[in-house]
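Trainee: I would like to go through some of the terms used for a structure like this one. Please show me the model before we start.

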Amino acid sequence: MNSKSAPHRSYSLNKEQIPPVIVEKLNDIERINLKEKIKKKLKQKGAVIVSHYYTDSDLQLLADETGGCVSDSLDMARFGFESNAKTLVVCGVKFMGETAKILNPEKRILMPDLNANCSLDIGCPEDEFSKFCDAHPDHVVVVYANTSAAVKARADWMVTSGSAVNVIKYLAANNKKIIWAPDKYLGDYVQKKSGAEMLIWQGSCVVHEEFKGNELESLRKIHPDAKVLVHPESPSSVIAQADMVGSTTAIIKAVTKMDAKKFIVATDKGIFHKMQEAANNKILIEAPTAGKGATCISCAHCPWMAMNSLRKLLHILETGKNEIFVEKNIINRARGSIEKLLKFTRGNERAGLSNDA
Ligand code: SF4
């Protein structure tokens with residue numbers, strides 16, 4: 001084993017740093033009225049919705065109905081880049097809005113709630129991370145998409161969960177030593193798949209970290225015919241039981257491709273909307289976050305993703321509030337690490353290789 005953990009403290013959040021999950025409750029009339037108003041405003045402003053799979057199903061439906069996109073972070077970035085819209089309304093978390101701004105500095109980027117963050121982003125402060133990188137100048141710095149613009153600016157590469165293994169294998173094949181940040185579970189998974197020499201930052205996702213290996217084992221005994229689909233931000237005890245480990249896009253594809261009726265799914269339950277849309281004859285079961293030793297607050301739903309709502313979306317379209325700004329010098333540096341990935345994944349696609357496994 002070539003990997004060693006970065007010699008510093010854990011960057012997982014403590015409970016006080018995690019907001020409660022508050023999901024907007026609407027009756028049918030309120031929902032219809034809000035959607036109609038939002039549709040009008042989107043047209044008036046020349047705006048499109050760019051939403052992540054983990055947001056509320058109302059937002060996902062609206063994005064699809066209005067020519068926007070619902071996707072993972074890589075395809076959100078690509079869609080925003082290729083769109084002709086003057087305004088991108090990013091329904092997701094802060095780093096997704098920043099990535100959209102970095103790739104589209106001339107476009108206006110709005111977000112329903114500027115407090116929507118990510119435990120991985122919070123757990124990788126730029127000043128501490130930079131010091132760590134400075135202490136290992138012979139390493140290539142690879143950061144996950146779930147980081148601030150400033151951390152991306154410090155990196156050589158940005159990767160997503162779907163592209164991480166291929167990028168690290170490519171770097172390892174070129175004898176590169178790697179600093180990986182911020183997710184320790186994804187870093188561990190990628191290291192095992194690639195055999196690369198990696199220093200791994202000790203951050204974690206508050207949603208995926210809560211999936212429990214022991215309880216999953218018990219659930220599999222109740223549903224022996226179910227296939228287990230796992231996002232690689234989950235602990236190794238959960239990954240070890242997976243029939244498929246992959247990005248959100250790969251998980252949605254798997255439910256249509258795999259010859260099973262039932263699936264246990266270890267990722268944010270917001271993804272069930274698209275999974276059900278893709279295969280409504282399949283039975284989807286949430287992977288367990290509770291049971292012996294349960295500590296879960298988020299219970300398979302991201303508290304920050306839940307901050308996106310129809311009401312807030314209408315509010316920002318009416319007021320123009322919550323615009324994302326990123327300093328020019330950070331944009332210039334961060335863009336290099338993101339574009340490297342976009343070029344790499346396009347090369348893989350041309351070669352017929354998958355970017356979402
Ligand atoms: S689900 Fe986890 S990784 Fe995704 S935004 Fe929420 S905290 Fe971050």
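Mentor: In this predicted model, Y11, F129, F132 and W201 form one aromatic cluster.

Trainee: What makes Y11 and W201 an aromatic pair?

Mentor: The centres of the rings of Y11 and W201 are 4.3 Å apart. The cut-off for a pair is within 6.5 Å, so Y11 and W201 qualify.

Trainee: Why is the pair of Y11 and W201 called stacked?

Mentor: The angle between the planes is 25°. Planes under 30 degrees apart count as stacked, so the word applies to Y11 and W201.

Trainee: Where in the chain are Y11 and W201?

Mentor: Y11 is in the loop between β1 and α1, and W201 is in the loop between β9 and α10. They are 190 residues apart, and the pair links distant parts of the chain.

Trainee: How is the pair of F129 and W201 classed?

Mentor: F129 and W201 are edge-to-face, with 85° between the planes and 5.4 Å centre to centre. The angle for that class is over 60 degrees, so 85° meets it. F129 belongs to helix α6, 72 residues from W201. As for burial, F129 is buried, and so is W201; Y11 is buried too.

Trainee: How many aromatic pairs are found in the whole structure?

Mentor: A search of the whole structure finds seven.

Trainee: What makes you say that a charge sits over the ring of Y11?

Mentor: The charged end of R9 is 4.0 Å from the centre of that ring. The distance limit is within 6 Å, and there is also a limit on direction, within 35 degrees of the ring normal. R9 is listed as sitting over the ring of Y11.

Trainee: Why is S161 called buried?

Mentor: S161 has 10% relative accessibility. Buried means under 20%, so S161 counts as buried. S161 lies in the loop between β7 and α8. The side chain of S161 also has a polar contact of 3.5 Å with the side chain of H231.

Trainee: How do you know that E36 and K39 form a salt bridge?

Mentor: The N to O distance between the side chains of E36 and K39 is 3.9 Å. The cut-off is within 4 Å, so E36 and K39 qualify. Side chains of opposite charge can pair when their charged atoms come close.

Trainee: Where do E36 and K39 sit relative to each other in helix α1?

Mentor: E36 and K39 are three residues apart in helix α1, so about one helical turn separates them.

Trainee: Are E36 and K39 buried or exposed?

Mentor: Neither word fits, because E36 has a relative accessible area of 41% and K39 has 27%. Partly exposed runs between the 20% and 50% limits, so both E36 and K39 count as partly exposed.

Trainee: Which residue of helix α2 forms a salt bridge with K39?

Mentor: E65 does, the closest N and O atoms being 3.1 Å apart. E65 is in helix α2 and K39 in helix α1, 26 residues apart. E65 is partly exposed, because its relative accessible area is 44%. Salt bridges that share partners join K35, E36, K39 and E65 into one network.

Trainee: What makes K312 and D113 a salt bridge?

Mentor: The N to O distance between the side chains of K312 and D113 is 2.7 Å, and the cut-off is within 4 Å. K312 is in helix α14, while D113 is in the loop between β5 and α5, 199 residues apart. At 30%, K312 is partly exposed, whereas D113 counts as buried because its relative accessibility is 12%.

Trainee: How many salt bridges does a search of the whole structure find?

Mentor: That search finds 22 salt bridges.

Trainee: Why is helix α4 described as largely enclosed by the rest of the structure?

Mentor: Nine of the 10 residues of helix α4 are buried, so the description follows. The buried residues include F95, E98, K101 and L103.

Trainee: Which residues surround the ligand, and how are they classed?

Mentor: Among them are Y54, N146, E233 and W304. By class, the shell has eight nonpolar, two polar and one charged residues.

Conventions:
Residues are numbered from 1 along each chain as its sequence is written. This is a predicted model: local features need pLDDT of at least 70, side-chain atom pairs count only at pLDDT 80 or more; totals for chains, interfaces and linings use all residues. Side-chain values use heavy atoms; hydrogens and water are left out. Rings of Phe, Tyr and Trp (its six-membered ring) pair if their centres lie within 6.5 Å; planes under 30 degrees apart count as stacked, over 60 as edge-to-face and the rest as tilted. Helices (H or I, at least four residues) and strands (E, at least two) are DSSP runs, numbered from the N terminus. Buried means under 20% relative accessible area, exposed over 50%, partly exposed in between (1.4 Å probe, protein chains only). A polar contact is a pair of N or O atoms within 3.5 Å; within protein, one must be able to donate a hydrogen and the other to accept it, and residues adjacent in sequence count only if both atoms are side-chain atoms. A residue is near a molecule or strand if one of its heavy atoms lies within 4 Å of it. Ala, Val, Leu, Ile, Met, Phe, Trp, Tyr, Cys and Pro count as nonpolar, Asp, Glu, Lys and Arg as charged, and the others, Gly among them, as polar.
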